[in-house]
Amino acid sequence: MTTGAQTPLPPARPKRSRLRTFLPLGVAAWFVLEIWLLTLVAGATSGLVVFLVLLAGLVLGSVVIKRAGRRAFRKLSEALQQQQSGVMPDAARPGSEGNGLMMLGGLLLMIPGLVSDAVGLLLLLPPVQKIVSRSAERTFERKLREARPGTLGGAFQQARMHQPDGKVVQGEVIRDEPRDAQQPPRPPLTN
């Protein structure tokens, strides 16, 4: 039976991003490269040298992550102490880039492989950290500007528009209901 109305078309499927397409291929190529390099080094030297290199990366990575975690915890405690004493915590210093890239470098050192070790060591250098953080910040800002309404980026954009100073207003919700209004009994809680 037809009513004369057009049948609605199914919603168009969003185009798959290049990142979702090529990321699995890139990870697989990275694994193959890591294994190939380890076998190349093992063939040129010995298996013991490869084991010691992997062990050194694991130890160095755990030391870096532990140090960065302690520094982050120390900064958090200092900020909480300043806030409790009534002093506003200092804003992020322009020279400090944070501990995220240092922790990422430590994690890459802990992952077995020579390429990941080299990238992890590069991320421990302060000039490289500055370049990577600036690049990531610019990319994030650009993606935020390009975000369509209804996306997660749109939510961040709306929050920034409505609260430019970032202040949180403390408040309390008060309902104006008559006290003698009879409320229906609540159903029992069952699983």
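Helices here are DSSP runs of H or I that cover at least four residues, numbered from the N terminus. With that in hand, the picture that follows comes from a predicted model.

A handy place to start is the set of spans that UniProt, in an unreviewed entry, lists as "transmembrane region": residues 21–42, 48–65 and 101–125. Residues 21–42 turn out to be 100% helix and 0% strand, and the C-alpha atoms at the two ends sit 33 Å apart. For residues 48–65 the make-up is again 100% helix with 0% strand, and here the end C-alpha atoms are separated by 26 Å.

Next comes helix H2, which runs over residues 47–84 and includes valine 59. Valine 59 has a relative accessible area of 44%, so it falls between the 20% and 50% limits and counts as partly exposed. It also belongs to a nonpolar surface patch, together with Leu48, Phe51, Leu52, Leu55, Leu58 and Val63. Taken together, the residues of this patch offer about 640 Å² of accessible area.

Methionine 102 is another residue worth a look, and its home is helix H3, residues 100–110. Its relative accessibility is 14%, which is under the 20% limit, so methionine 102 is classed as buried. What does methionine 102 touch, leaving aside its neighbours within four places in sequence? The partners are Val64, Ala68, Arg71, Leu124 and Gln129. Glycine 120 lies 18 residues from methionine 102 in sequence, while in space the two are 8.4 Å apart, C-alpha to C-alpha.

Technical notes: Residues are numbered from 1 along each chain as its sequence is written. This is a predicted model: local features need pLDDT of at least 70, side-chain atom pairs count only at pLDDT 80 or more; totals for chains, interfaces and linings use all residues. Side-chain values use heavy atoms; hydrogens and water are left out. Patches are made of residues with over 30% relative accessible area and no salt bridge: like charges are joined within 9 Å, nonpolar side chains (Val, Leu, Ile, Met, Phe, Trp, Tyr) within 5 Å. Accessible areas come from the Shrake-Rupley method with a 1.4 Å probe; for residues, only the protein chains shown count as cover. A salt bridge is a side-chain nitrogen of Lys or Arg within 4 Å of a carboxyl oxygen of Asp or Glu. Buried means under 20% relative accessible area, exposed over 50%, partly exposed in between (1.4 Å probe, protein chains only). UniProt positions are given in the numbering used here, feature names are shortened, and annotations may be inferred rather than shown by experiment. Contact means heavy atoms within 4.5 Å.
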